Amino acid sequence: MEKKWWQSSVVYQIYPRSFMDSNNDGIGDIIGIISKLNYLAKLGIDVIWLSPVYRSPMCDNGYDISDYRDIAPEYGTMDDMERLIKEAGLLNIKIIMDLVVNHTSDEHPWFLESKKSRDNPYRDYYIWRDPLEDGQVPNDLSSIFGGPAWTYDETTKQYYFHLFASKQPDLNWENKKVQEEIYDMMNYWLDKGIGGFRMDVIDLIAKEVDLKITDNGPRLHSLLKEMNTATFGGRDVLTVGETWGATPEIAKLYSDPKRDELSMVFQFEHITLDWDDVYGKFKPKPLDLLELKKVLSKWQTQLTDDGWNSLFWNNHDLPRIVSKRGDEGILRVESAKMLATLLHFLKGTPYIYQGEEIGMTNVKYDSLEDYDDIETHNFYKENIKNGFSHDDMMKAIWENGRDNARTPIQWDLTDNAGFSSHTPWLKVNSNYRTINVAAALSDDSSIFYHYKRLIALRKEMDLIVYGDFRLLLEEDPNIFAYIRSDSQNQLLVVCNVTGHDIPFSLPTSISPLRATSLITNYNSRLLKDVKNLRPYEAFAYIL
Ligand code: GLC
Ligand code: CA
């Protein structure tokens, strides 16, 4: 596989609403991001994935776009955006834009036209169907945000299709005109010098609603090839597809460089392991650590030269990993560093979600009213109807709700965590006086500096980017250990994924004698002396 810059890059995701507020209206904005570019340069990241900043009614915080060629006024102006691209570029940071083209907002001019009449030129930009004879929805497909995927429109007496909220009507990708409009718009952004696209729920665009196929539709990969040719194909950019339904086989279809589709996939098999089969994230079940190990290592060994994966624990839709898989309490720092170590020595492109680098935690609002997220509110209503108790729902929201990731970034210990002098749009996590960027920067042993070191090591050692992966201690539920190797070197990574002391013995095939320590979250020892792992201990050695 020809080497690409995005294989050795580290991506940092910014959720603009929560990152930094420059004009003190309580909402993060682009100038706020610009003011923190030096902080990101210090961390050492190469790419920013910017969650949507386009004009939007914000029913889903920008994942409902009403103008793809304009910036939401609360986030700033097109001039601000161009300045962000330029100033990030001066620090060698590329900006990738979130491309949300499975659906638009119902306030997008295309949809406003589309719903006017059945013969409107924009009618077929969206998916309209007649009611069944008794007036019922055309079929039983449901929305990912709860309820039916169909909403009735009085004016033309048909239903339109939406896989998310009713304010997010799905585009009809069967329509050539839709394709052309989107490709034009992508080129408009590429011409501004962006570094690529993160493609929102891209596996849904080739749906066939009458056959009830929603993800991985038959025409998906031919559409992506066309998109590649019409837009970014000739440019050296990063494209990453959000692909909930990908297996390693499917991932190769997207990301095998010979196929000219995308650079890499962003798949969730390691995330959804503790979701209920029926109720999903809002009925979490205990995680089987062996399962997690199996899934992570499957993706390492099955995607070799013919595909590329993203490495992540967090994004704007997921709970904070230190709360989820580590310890929010006294072992917060150790466990956050362990989780980072486990992930960043794997093969793939690492993604850090804002605040992860300082070990921000989940939030626990007492009142449902304090939550903003549309998915949280919709499922609260739906699941209560299905017999869930209020307490069970609140517990599930505390554990897996999306607002966990969306609380304002904790910059310092001043009011509102230094995010804004105005009351923020979503309440700051009450632990901001102890967990904040200022505190992390002034402590050499902070989680921040651990991430910085992991990022720097990836730049120094090709082995971390390209080496082979081999899982060790396969059947051990407490230890995640692996070897990365190339023709010259071997790297050993060992992580105690539990909060307990665990006895450890090195597999006999590995000699500890010449091992040199690369990184650890406790004080380092000679590898030959390691007979036990301390709670959440993690280390890496060059053998
Ligand atoms: C993706 C986004 C999520 C959004 C949904 C609809 O899953 O990550 O935040 O709500 O798509 O656009
Ligand atoms: Ca603002």
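Two strands are taken to pair if DSSP finds at least two bridges between them. In this predicted model, strand E16, which spans residues 490-496, and strand E20, which spans residues 538-542, satisfy that criterion with five bridges and pair in the antiparallel sense. Within this pairing, Cys 495 stands opposite Ala 538 of E20.

The two strands belong to an open sheet of five strands, whose order is E14-E15-E16-E20-E18 and whose pairing is antiparallel. The edges of the sheet are occupied by strand E14 (468-472) and strand E18 (516-520), each of which has a single partner strand, so that one side of each is left without a neighbour in the sheet. From one strand to the next, the twist averages 20°.

Helices are also placed against this sheet. Helix H9, formed by residues 289-302, lies across E14 and strand E15 (479-485), and the direction in which H9 runs is at about 155° to E14. Helix H11, formed by residues 332-344, packs on the sheet as well, where H11 touches E15, E16 and E20, and its direction makes about 145° with that of E16.

The loop between E16 and strand E17 (502-503) contains Thr 498. With a relative accessible area of 9%, Thr 498 is buried, because this value falls under the 20% cut-off that defines the buried class. The side chain of Thr 498 makes a polar contact with the side chain of Asn 496 at 2.9 Å, and the side chain of Thr 498 also reaches the backbone nitrogen of His 500, at 3.1 Å. When residues up to four places away in sequence are not counted, Thr 498 touches Asn 478, Pro 535 and Tyr 536.

A further set of pairings involves strand E1, which comprises residues 11-14 and is covered on both faces: Val 11 and Gln 13 on one side, and Tyr 12 and Ile 14 on the other, are all buried. Strand E1 is joined by three bridges to strand E13 (residues 349-353), and these two strands run parallel; the bridge partner of Tyr 12 in E13 is Ile 352. Strand E1 also pairs with strand E2 (residues 47-50), in the parallel sense and over four bridges, and here Gln 13 stands opposite Trp 49 of E2.

Definitions and conventions: Residues numbered from 1 in each chain as written. Chains lettered and ligands numbered in written order. Predicted model: local features only at pLDDT ≥ 70, side-chain atom pairs only at ≥ 80, totals over all residues. Heavy atoms only, no water. Axes fitted to C-alpha atoms, helices over the stretch in contact; angles between N-to-C directions. Contact = heavy atoms within 4.5 Å. Buried < 20%, exposed > 50% of the residue type's maximum accessible area, 1.4 Å probe, protein only. Polar contact = N/O pair within 3.5 Å; in protein donor to acceptor, adjacent residues only side chain to side chain.
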